[in-house]
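Colleague: Put the model up and I'll ask as we go.

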Amino acid sequence: MKNIGIFTSGKSDWNVQQLEGEVKKKGIGCVTFPLSELVARLDSKPRVSCRGYDLEEFDALIVRWVPKGSAEQLIFRMDALHRLENLGIRVVNPPIAIERCADKFYTSSLLEDAGIPTLPTVVTEKRSEAMKAFEEFGDVIVKPLFGSLGAGMLRITDRDLAYRTFSALEFGRYVYFIQKFIPHNNRDIRALVIGNEVLAAMRIGEGWKTNVSAGAKVEPYELDDELKEVALKSAEILKCEYAGVDIIKNLDKFYVAEINAIPGWKGLQSVTPVNIAEKIIDHLVGQ
Ligand SMILES: Nc1ncnc2c1ncn2[C@@H]1O[C@H](COP(=O)(O)OP(=O)(O)O)[C@@H](O)[C@H]1O
Ligand SMILES: [Mg+2]
């Protein structure tokens, strides 16, 4: 392997810096660029380029950031990644995995239909149906369909607040993603799958939101065989080569809350001696 490209946000990103460091340690070239600056050509070359680099010259491309955009922009970017794959370039995570994980409804549907326990959820475009879901669950979390880092999620237990919130969301033509609140003692498990391996940590939040980016503390956690199997199977169903799997435990039940195709691992890295970035790059180079 001679050259790896990483799609990044352009801002300093600890995870990307870790990956770049490991790539360079192996004597492999590393270039970063934004996914929003792709240029695709038909009937002439380069077929897909970014900031002047012909992307067919890369042995692998790692996607670490998909900038926000319109439906057109997002579909073009993903289609360009599919094209690169068709041209034989290794894309990690593959575009199919990024598509499957971007949408919390799609992710959970694929998991549930493969027999993995998911959280009780109603997804709808109709405000009246959203209200019915609130009445049914009583205590709900309303999530952005494409959200991450715990940002923009609301816990609602009050009927009037539900009504006003859903009315406001209607104006933005949002899809309602309404999930039953599952008490979990302010903690959940983050499993990081890399190929056939799984590392894990317990995240302990100050409130119900346990994202490290929302201030949760991290402790080492030993996964039992059942959850290890669930994490591996979840990543496989979503076609991820590496993935962050969020697992909520409640009494003796567990639920897979979501899968991240662009997971961060700073929290997990702080409680494990394993060099996670090295593991990811070893996996990439070894395949
Ligand atoms: N239905 C739920 N009940 C209780 N806590 C939840 C529920 N869904 C999510 N959470 C908490 O919120 C965190 C973020 O939710 P998640 O679905 O992973 O969204 P994000 O993509 O923003 O990380 C989870 O790690 C979990 O601690
Ligand atoms: Mg999460």
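**Pocket, metal, strand**

Colleague: How do the residues lining the second largest pocket divide?

Modeller: Into 6 nonpolar, 4 polar and 3 charged. A pocket is an open set of 1 Å grid points where a 1.4 Å probe fits, with protein on both sides within 12 Å along at least five of seven lines, and lining residues have an atom within 4 Å of a point. Asp, Glu, Lys and Arg are charged, Gly is among the polar.

Colleague: Any caveats?

Modeller: This is a predicted model: local features need pLDDT of at least 70, and side-chain atom pairs pLDDT 80 or more. Residues are numbered from 1 along each chain, and side-chain values use heavy atoms.

Colleague: Which element gives the largest share of that lining?

Modeller: H4, with 6 residues. That helix spans 104-113, and strand E8 (121-124) also supplies at least two. Helices (at least four residues) and strands (at least two) are DSSP runs.

Colleague: New topic. What coordinates the magnesium ion?

Modeller: Asp 246 (OD) and Glu 258 (OE), at 2.0 to 2.1 Å. Donors are N, O and S atoms within 2.8 Å of the metal (3.2 Å for Na, K and Ca), without water.

Colleague: Why does the pair tie parts together?

Modeller: Because Asp 246 lies in strand E15 and Glu 258 in strand E16, 12 residues apart in sequence.

Colleague: Buried or exposed, those two?

Modeller: Asp 246 and Glu 258 are both buried, meaning under 20% relative accessible area.

Colleague: And where is Ala 60?

Modeller: In strand E6, residues 60-63. Ala 60 is buried, at 0% relative accessible area. Its C-alpha atom is 16 Å from that of Ile 98, 38 residues apart along the chain.

Conventions: Chains are lettered from A and ligands numbered from 1 in the order in which they are written. Buried means under 20% relative accessible area, exposed over 50%, partly exposed in between (1.4 Å probe, protein chains only).
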